[in-house]
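Me: I would like to learn how to read a few features of a protein model, going from strand pairing to faces and then to enclosed space. Could you take me through them one at a time?

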Amino acid sequence: MESKHMSAFALYQNLEPDQPPPAKKPPVQAEVKKKKKKDNAAFKLKVKVQAKAERKKMRKKLHKPSQKEENQKEVPHNQVTVECVSAEPLETLLADLAKVNNSRERASKLFQWLITPIPDKMFFRETWEKKPIFVQRKNPDYYKGLFSTAELDRIFREEDVQYGVNLDVTSYTNGKRETLNPPGRVLPYTAWDFYESGCSLRMLNPQAFSSTVWNVLSILQEQFGSMAGANIYLTPPGTQGFAPHYDDIEAFVVQLEGKKHWRVYSPRCQGCLLCDFSSANFDQADIGKPILDVVVEAGDLIYFPRGFIHQGNCLPDAHSLHITISSYQKNSWGDLLQKLVPAALEVAMEEDVEFRRGLPLDYLTYMGVQNSDKEDPRRAKFFSRIDNLMKRLTNYAPLDAAVDQKAKDFIHDCLPPTLTPDELVTSVKGAPTRWEGGQVKDVGVHITTQTQIRILRAQCARLCNDGDAVHLYYTTDNSRVYHKEQLKSFEIKPEYTDAVEFLIHSYPGFVTVGSLPCESAQDRIALAELLFEKGIIHTAEPL
């Protein structure tokens, strides 16, 4: 009797799970959870309600939502439809961008290509962090060359792709979302069997395997001043891979092949607007009506901000391949204050005796939740003292140091820069040192005071004061896999700091080594050689 083929999907479902279940997303915010869990202890609810009321009462201010906040509750969407937007091939565009002298200008031009025909200034003024937008181009080749299903197949065959690390297998049927990752390496036989069984394939870090995606993201990260990441999603016809949810990133959904039905919903409450964490999966009954309901075809784009619930399903007649380009994760004012306030408190405790004075002997008798209903004048005095200390705290806030802490996070998150042909032959990676004829040729670099140099990218290096020492943090040795390598830095001698600042501020211009503000020609050459060996600078001409 001929045996019947069992798909990878069916085989997985019949096996006893020997792997821990996939990590759950962070829970939804408190305001959302309260709606789902009305039976929570009344005491916890009372704490939150009374705490809010107490703050209002003590400050004698009644908070009224601004007109802007009221408008954000139901955000209107825009749809831009353009008849057959033409564009040069991506390969040609990237070659042209390689000739642009300034990496910031290069990033701006590439971002404009991403969102054409919307002018970038208008986008950031009217759409960014405010509302979703759908760009319909009627040109299936607009994003051609960025990525393809054929490229995904090549990666499965040639690269070491691991389930759960580089690829997720997912399904969403009858309101149930599942991740079906087997252990080990992804092989075409199993991956495509999952796909044929109706599962979606999500590649988590395509920049590690695709040089084009790496190039695009490494350019765009300078547009945002924040890491640019990407996931790729391949969905079979007539299926859906993910439940409705919202994310903590600004999302640009770029449709590469086929088509997909997308629905985007307003944030469920003010606390979900521009949220700083991703949600759990929602039930369809919990999300209301979509504010954007469109079929996205190859060459089209959807953008939506953090906190906007979304879901996409394939129509029966076509598969879908799209790449979601993301940025601005953990890049809010609140994230900066999380670094600033603890540092400010440390300085204030050291320099201001008011922060070191003891709490009232009896404050536990009138403060705290159990005393929040008391009409006690000591409570008003206590709140007033806290308000005064908070105002004094701003005098001790080391803002530049806190920004540098954020900058170090950005440097660590960044992809390494992709080198243009000119940069390759003028950087350490293109140095002519080699083994030839039984001996080493052209060893060492030959930098003189007349050599012209500049840093490789506008944001590839950052000078930061770390206590008693100054370090230079840089991206050029980063991995194409997120945080695979530790943050890269080295200590800068005090006599070199002015020269490094001079180099950073001179970008995109070249400067001669002899113009570096160091004490001697020997120091200038030594610093230039160090930066060259780290790949942080390149020369105007090949050495």
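Me: How many bridges join strand 15 to strand 16, and in which direction do the two strands run?

Reply: In this predicted model, strand 15 is joined to strand 16, residues 469-474, by six bridges, and the two strands run antiparallel. One position to look at is Cys464, which stands opposite His471 in strand 16.

Me: Which strands form the sheet around this pair, and in what order?

Reply: The sheet is an open one of three strands in the order 15-16-17, with antiparallel pairing. Its edge strands are strand 15 (461-466) and strand 17 (489-492), each of which pairs on one side only. On average, and with direction ignored, neighbouring strands of this sheet are turned by 30° against each other.

Me: Which helix lies across strand 15 and strand 16, and at what angle to strand 15 does it run?

Reply: That is helix 13, made of residues 399-413, which lies across both strands and runs at about 135° to strand 15.

Me: Now for the faces of a strand: which residues of strand 8 are on the covered face, and which are on the uncovered one?

Reply: The general idea is that side chains in a regular strand alternate between the two faces of the sheet. In strand 8 (residues 292-297), Leu292, Val294 and Val296 make up the covered face, whereas Asp293, Val295 and Glu297 make up the uncovered one. Strand 8 is also joined by six bridges to strand 7 (residues 250-265), and these two run antiparallel. Within that pairing, Asp293 of strand 8 is the bridge partner of Arg263.

Me: Turning to enclosed space, how many cavities of 30 Å³ or more are there, and what is the volume of the largest?

Reply: A cavity is counted where a 1.4 Å probe fits but cannot get out, and the count comes to three cavities of 30 Å³ or more. The largest cavity has a volume of about 100 Å³. It is lined by 14 residues, and those closest to its centre are Ser218, Gln221, Glu222, Pro417 and Arg457.

Me: Which helix supplies the largest share of that lining, and how do the lining residues divide by character?

Reply: Helix 10 supplies the largest share, four residues; helix 10 (211-224) and helix 6 (103-115) each contribute at least two residues to the lining of the largest cavity. By character, that lining divides into six nonpolar, five polar and three charged residues.

Me: And what is the wider setting for these features?

Reply: The protein has 16 helices and 19 strands, and buried residues make up 44% of its 543 residues.

How values were computed:
Residues numbered from 1 in each chain as written. Predicted model: local features only at pLDDT ≥ 70, side-chain atom pairs only at ≥ 80, totals over all residues. Heavy atoms only, no water. Pairing = 2+ DSSP bridges. Axes fitted to C-alpha atoms, helices over the stretch in contact; angles between N-to-C directions. Contact = heavy atoms within 4.5 Å. Buried < 20%, exposed > 50% of the residue type's maximum accessible area, 1.4 Å probe, protein only. 1 Å grid on protein atoms, 1.4 Å probe; cavity = no way out; pocket = protein on both sides within 12 Å on 5 of 7 lines; lining within 4 Å. Points joined across faces, edges and corners; volume = space filled by probe spheres on them. Nonpolar A, V, L, I, M, F, W, Y, C, P; charged D, E, K, R; others polar.
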